[in-house]
Amino acid sequence: MEDINSYGKKRKGHLGNLIEEFVFGISPNSFKKADFIKAGVELKTIPLKSDKKRKFKAKERLVFSMIDYMTIINEKWETSSFIEKNRMLLLMFYLFQSGISLLDYKFKIVELLDLLKDLPQADIEIIKQDWEIIVSKIRQGKAHELSEGNTNYLAACTKGTTSEKSYRKQPCSEIKAKSRALSLKTAYLNKLIEKFLGLTDSESESYLKDIPIDEVRKSGIENITLKKFEPFLSLSIDEIASKVGYDFSKKSAKNYLEILARAMLGVKKRKVEEFEKAGIIFKTIKLEHTGRLKESMSFPIIDYMDIVKETWEESTFRDYLSSHKFLFVIFQKCRNGVIYLKKVKFWEIPYNDLENHVKKVWIETQKRIRQGKEELPKMSEDPVCHVRPHARNKKDRMITPTGTMIVKKCFWLNSKYIQNQIES
DNA sequence: GCATGATCATGC
DNA sequence: GCATGATCATGC
């Protein structure tokens with residue numbers, strides 16, 4: 001056995017090995033079997049960060065082993081290598097702190113979790129469907145197009161080095177695909193953590209709770225969601241309001257389109273539970289009577305100090321875009337001003353747009369910030385995205401690495417681009 | 001009509 | 001006080 005102190009300086013990936021070796025006295029194995037072979041239990045150490053509201057939040061997604069593209073296409077969910085290895089998880093959550101030794105991390109939550117028993121039925125079904133979506137994409141020869149936005153709770157995230165070497169063969173296409181691993185999304189982990197901490201989120205409400213598991217199984221969560229909106233298509237917002245029992249006169253909220261969108265799903269509370277778990281972002285969109293979309297779509301503020309230290313592959317913005325799915329609830333104005341529900345659509349950013357256009361703009365943005373420039377890529381410079389102010393006012397500024405203070409800005413998806421995505 | 005800059009409204 | 005979603009204002 002190695003001296004425990006020699007581990008203290010190693011990287012976070014070694015924390016799991018450390019626990020296995022020094023806490024449980026087993027030698028680390030990284031292949032097909034669970035860590036505790038006889039018990040069939042897989043150990044996972046998961047970093048947490050502090051959170052004002054909920055005490056702790058997951059620092060990152062929970063990553064399992066690499067997807068073997070060549071063999072997974074012959075598997076079935078129930079007997080899959082994923083389930084075989086990861087069905088029983090020993091989850092050890094620790095509070096991450098930068099700059100301290102691994103040996104000084106404090107564990108905050110330890111739970112044993114049976115993926116097929118301890119989660120709500122609907123969740124298990126959705127995870128299974130996610131697995132099937134991923135496998136069917138590989139079967140269609142589209143492993144290179146996989147993205148975390150494809151699925152809800154379980155996702156295929158990139159894993160391994162970012163160099164060319166990390167591309168590997170896939171069975172149904174000649175195109176090489178990035179190496180990826182199965183993972184639980186950060187959003188889903190956060191809900192699990194909440195549960196483990198005994199916190200109940202009284203603000204969110206499920207819209208699948210009254211739907212029989214069989215139907216979730218048959219139709220899939222996306223179709224069920226879209227079906228919820230069907231009875232309202234082409235209705236004006238007044239008609240929708242009276243149908244769902246929402247009284248405009250009582251409360252004239254500015255976010256009435258969002259309230260109506262939730263009400264059509266059957267949710268009265270402020271948050272949609274399944275969307276919280278899946279990291280699905282609700283976007284209500286209002287088109288002009290001509291079908292034109294006026295406004296671009298904003299994203300979180302750019303931290304100028306952080307972005308210059310990031311690589312594109314691991315950047316905050318790439319992570320945000322590629323790990324979220326969006327639900328566009330699209331309304332359109334008539335010539336006479338009446339607003340009606342036009343279309344509802346799930347959207348995730350297409351791989352090529354992300355890796356070509358957004359990447360180009362991101363790299364250019366990083367370059368200009370490093371140079372101390374205040375002029376960041378404009379809408380006219382790329383058809384997909386641009387950078388623009390997003391601040392309270394001109395005085396709302398943030399420090400840059402060159403020491404200047406510039407107005408808070410963020411990435412925006414171009415209005416025209418979103419409009420095209422809605423139409424296609 | 002459109003690009004770009006600027007700011008409002010809301011909720012935590 | 002601040003992040004976030006949404007929208008306004010201006011000038012070409």
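Select β13 and strand β19 (residues 409–413) in this predicted model. The two strands pair in the antiparallel sense, and 3 bridges connect them. To see one of the bridges, display Ser298 together with its partner in β19, Trp412.

Next, add β16 (385–389) to the selection. An open sheet of 3 strands now appears, ordered β13-β19-β16 and antiparallel in its pairing. Because β13 and β16 each have a single partner strand, they stand at the edges, and one side of each is left without a neighbour in the sheet. From one strand to the next, the twist averages 35 degrees.

**The surfaces near the DNA**

Keep β13 in view and bring up DNA strand C. Which residues are around DNA strand C? They are Glu258, Ile281, Lys283, Thr284, Lys286, Glu295, Ser298, Pro300, Ile301 and His390. Two elements, β12 (280–287) and β13 (297–301), give two or more residues to this surface. The largest share is that of β12, with 4 residues. Colouring the surface near DNA strand C by class gives 3 nonpolar, 3 polar and 4 charged residues. Ser298 thus serves two steps of the tour: Ser298 is bridged to Trp412 of β19, and Ser298 is also among the residues around DNA strand C.

Move to DNA strand B, which 20 residues surround. Select the closest of them: Lys378, Met379, Ser380, Asn393 and Lys394. Which element gives the most to the surface near DNA strand B? It is β16, with 3 residues. By class, the surface near DNA strand B divides into 5 nonpolar, 5 polar and 10 charged residues. The sheet visited at the start therefore has β13 at one edge and β16 at the other, each with a single partner strand; β13 is one of the elements giving two or more residues to the surface near DNA strand C, while β16 contributes 3 residues to the surface near DNA strand B.

**A pair of helices**

Select helix α8 (residues 237–244) and helix α9 (residues 256–265). Their axes come within 10 Å and cross at roughly 45 degrees, which makes α8 oblique to α9. The crossing in which α8 passes α9 is left-handed. Show the side chains of Ile237, Ile240, Ala241 and Val244 on α8, and of Leu260, Ala263 and Met264 on α9, since these residues make the contact. How many nonpolar, polar and charged residues has the contact of α8 with α9? There are 7 nonpolar residues, no polar ones and no charged ones.

**A mixed sheet**

Finally, select the open sheet of 4 strands, in the order β2-β1-β4-β5, whose pairing is mixed. β2 (55–58) and β5 stand at its edges, each with a single partner strand, so one side of each is left without a neighbour in the sheet. Neighbouring strands are turned by 35 degrees against each other on average, direction ignored.

The sheet can be followed pair by pair:

- β1 and β2 are antiparallel and pair over 4 bridges; Lys49 has Lys57 of β2 as its bridge partner.
- Strand β1 (residues 41–51) runs parallel to strand β4 (residues 88–95), and 8 bridges join them; Val41 is partnered by Met88 of β4.
- β4 runs antiparallel to strand β5 (residues 106–114), again with 8 bridges; Leu89 is partnered by Leu113 of β5.

For the last selection, add helix α5 (residues 186–196), which lies across β2, β4 and β5 and runs at about 150 degrees to β2.

Conventions. Residues are numbered from 1 along each chain as its sequence is written. Chains are lettered from A and ligands numbered from 1 in the order in which they are written. This is a predicted model: local features need pLDDT of at least 70, side-chain atom pairs count only at pLDDT 80 or more; totals for chains, interfaces and linings use all residues. A residue is near a molecule or strand if its C-beta atom, placed from the backbone, lies within 6 Å of it. Ala, Val, Leu, Ile, Met, Phe, Trp, Tyr, Cys and Pro count as nonpolar, Asp, Glu, Lys and Arg as charged, and the others, Gly among them, as polar. Two strands pair if DSSP finds at least two bridges between them. Axes are lines fitted to C-alpha atoms, for helices over the stretch in contact, and angles run from 0 to 180 degrees between N-to-C directions. Angles under 35 degrees count as roughly parallel, over 145 as roughly antiparallel, 65 to 115 as roughly perpendicular and the rest as oblique. A crossing is left-handed if the near helix is turned anticlockwise from the far one by less than a right angle, and right-handed if clockwise. Two residues are in contact if their C-beta atoms, placed from the backbone, lie within 7 Å.
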